[in-house]
Amino acid sequence: MEVLTIMLNWFSQNILQNPAFFVGLLVLIGYWLLKKPAHEVFAGFVKATVGYMILNVGAGGLVTTFRPILAALNFKFQIGAAVIDPYFGLSAVNEKMGAEFPAFVGTATTALLIGFGINILLVALRKITKVRTLFITGHIMVQQAATITLMVFLLIPSLRNTYGTIAVGIICGLYWAISSNMTVEATQRLTGGGGFAIGHQQQFAIWFVDKIANRFGKKEENLDNIKLPSFLSIFHDTVVASATLMLIFFGIILLILGPDVMSNPDVIASGTPYDPAKQDFYLYMIQTAFTFSVYLFILMQGVRMFVSELTNAFQGISSKLLPGSFPAVDVAASYGFGSPNAVLTGFSAGLVGQLITIALLIVFKSPILIITGFVPVFFDNAAIAVFADKRGGWKAAVGLSFISGVLQVALGALCVALLDLSAYGGYHGNIDFEFPWLGFGYIFKYAGLIGYILVCVFLLIIPQLQYKRAKDKEAYYRGEAPIEEI
């Protein structure tokens, strides 16, 4: 028994609490189940592990670059500023967990493993649970497990124990399985039977958009029939889009703060203060804004390295252990099935919605200032536009993406306040983690453990309702949308 305890402790400290090696281990197991040659198994393990380490470098760089600006904002205006972005959010959550719940720093990684096991169990029992999808987007699971861990431990004090870790794992698994299951029919309609679902950050939003888009317009009036200005095509490039976005936001913020604040070493205690003797302030603004783009590019390179390996490896788990299940993959997989203009339209409309709402926060003197992040404004709104255009044409794509942008900022501010994250400079930011997870958070806060149970029951009921509404029960398990709707 003592030997087993030692082994479990070693595994927890060295693997479960080290996401890079945990992701690498999942890839190793998946490739082994696929009976890949030993050298391919090893190569997959290395690429996944190193890719995650690169992600950590990018995430750390983003935080290091933003922290001096956050300190300056707090000094000059006495407000909390938070970037709504899952990578900023991940860093903020980890920092808050380490400061307030140091005994549970490794909970998110352990919960990820439990949650994935719950997802597998729900699919294995799909005749009972009606769940068909296996969430396989590993880096997203890491981000979401961290946010949910903080939410449970902060808002439900009775679960600040070992049972809390199990509770986080259970609700993570339920969300991953059930939210991705909600996207099967919508994705089948979009792709014409592509055989996959969405496992990302906007599953509830995709389900809602698929149901409501046809009330905004006609699918025949889609974006393929609209010509956009050619100069906007530059924003298809992630580096250009992110650098421009950061230059607008942080350029304005740095102009407002001014060189005196940014060069004050008492204010900029973390990071390097601006040195007017060495650099012009305007060039400093451009360099700082572009540095965000640099670290975002590094981060995304890391993501690309391990996501492809993890996705392929999870196919082994799915095909060998859960035949007939649908892989729930990164939302970017859906972009190629929509209008080429949809991604840019969603990004633009969502950004306008965010900008207007940020301006309203300033006008009404909100104690929390939201700074838009590239990932939600791009991926959430691009996905919404792709699915909306398919069902309701360009009016749905523009209107629903704009509404999403408004909600991202407005509800993001409420989430930052609920979790008291303004001092840490970030929140998850993606639309699902503002609605419905904002609602779940308030239920946790005011109903405690009973609220947690109610949320779990609510999630379990969703696939039952989906199945009940399906006219062809066997077609439901095959993920087939009604022919007239494809």
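**Reading the terms in this model**

Mentor: Gly-192, just after H9, takes a positive phi of about 70°. The model is predicted: local features need pLDDT of at least 70 and side-chain atom pairs pLDDT 80 or more, while totals for chains, interfaces and linings use all residues. Residues are numbered from 1 along each chain as its sequence is written, and side-chain values use heavy atoms, leaving out hydrogens and water.

Trainee: What makes H9 a helix, and why is it called largely enclosed?

Mentor: A helix is a DSSP run (H or I, at least four residues; strands are E, at least two), numbered from the N terminus. Helix H9 covers residues 184–191, and 8 of the 8 are buried, so the rest of the structure largely encloses it. Buried means under 20% relative accessible area, exposed over 50%, and partly exposed in between (1.4 Å probe, protein chains only). Among the buried residues of H9 are Glu-185, Arg-189 and Leu-190.

Trainee: How many disulfides does the structure hold, and what would make a pair of cysteines one?

Mentor: A disulfide is a pair of cysteine sulfur atoms within 2.5 Å, and the structure holds 0. For Cys-172, the nearest cysteine sulfur is that of Cys-456, 10 Å away, and Cys-172 is in no disulfide.

Trainee: Why is Cys-415 without a bond to Cys-172?

Mentor: The two sulfurs are 16 Å apart, which is too far for a bond, although Cys-172 has the closest cysteine sulfur to that of Cys-415. Cys-172 has a relative accessible area of 0%, so it is buried. Cys-415, at 2%, is therefore buried as well.

Trainee: Why are H10 and H14 given the name roughly perpendicular?

Mentor: The axes of H10 (residues 203–212) and H14 (residues 374–419) come within 9 Å and cross at roughly 75°. That makes H10 roughly perpendicular to H14. The range for this name is 65 to 115 degrees; under 35 is roughly parallel, over 145 roughly antiparallel, and the rest oblique. Axes are lines fitted to C-alpha atoms, for helices over the stretch in contact, and angles run from 0 to 180 degrees between N-to-C directions.

Trainee: What makes these residues a contact, and which kinds are they?

Mentor: Contact means heavy atoms within 4.5 Å. Residues of H10, including Ile-206 and Asp-210, meet residues of H14, including Phe-387 and Arg-391. The contact has 8 nonpolar, no polar and 2 charged residues. Nonpolar covers Ala, Val, Leu, Ile, Met, Phe, Trp, Tyr, Cys and Pro; charged covers Asp, Glu, Lys and Arg; the others, Gly among them, are polar.

Trainee: What makes Asp-210 and Arg-391 a salt bridge?

Mentor: A salt bridge needs a side-chain nitrogen of Lys or Arg within 4 Å of a carboxyl oxygen of Asp or Glu. The closest N and O atoms of Asp-210 and Arg-391 are 3.2 Å apart, and the pair forms a salt bridge. This pair links H10 and H14 across 181 residues. Asp-210 is buried at 3%, and Arg-391 is buried at 17%.

Trainee: How many salt bridges are counted, and what does the one between Lys-47 and Glu-309 tie together?

Mentor: The count comes to 7. Lys-47 and Glu-309 meet at 3.2 Å, N to O. Lys-47 lies in H3 (residues 38–77) and Glu-309 in H12 (residues 281–321), so the pair ties together parts 262 residues apart in sequence. Lys-47 is partly exposed at 39%, whereas Glu-309 is buried at 9%.
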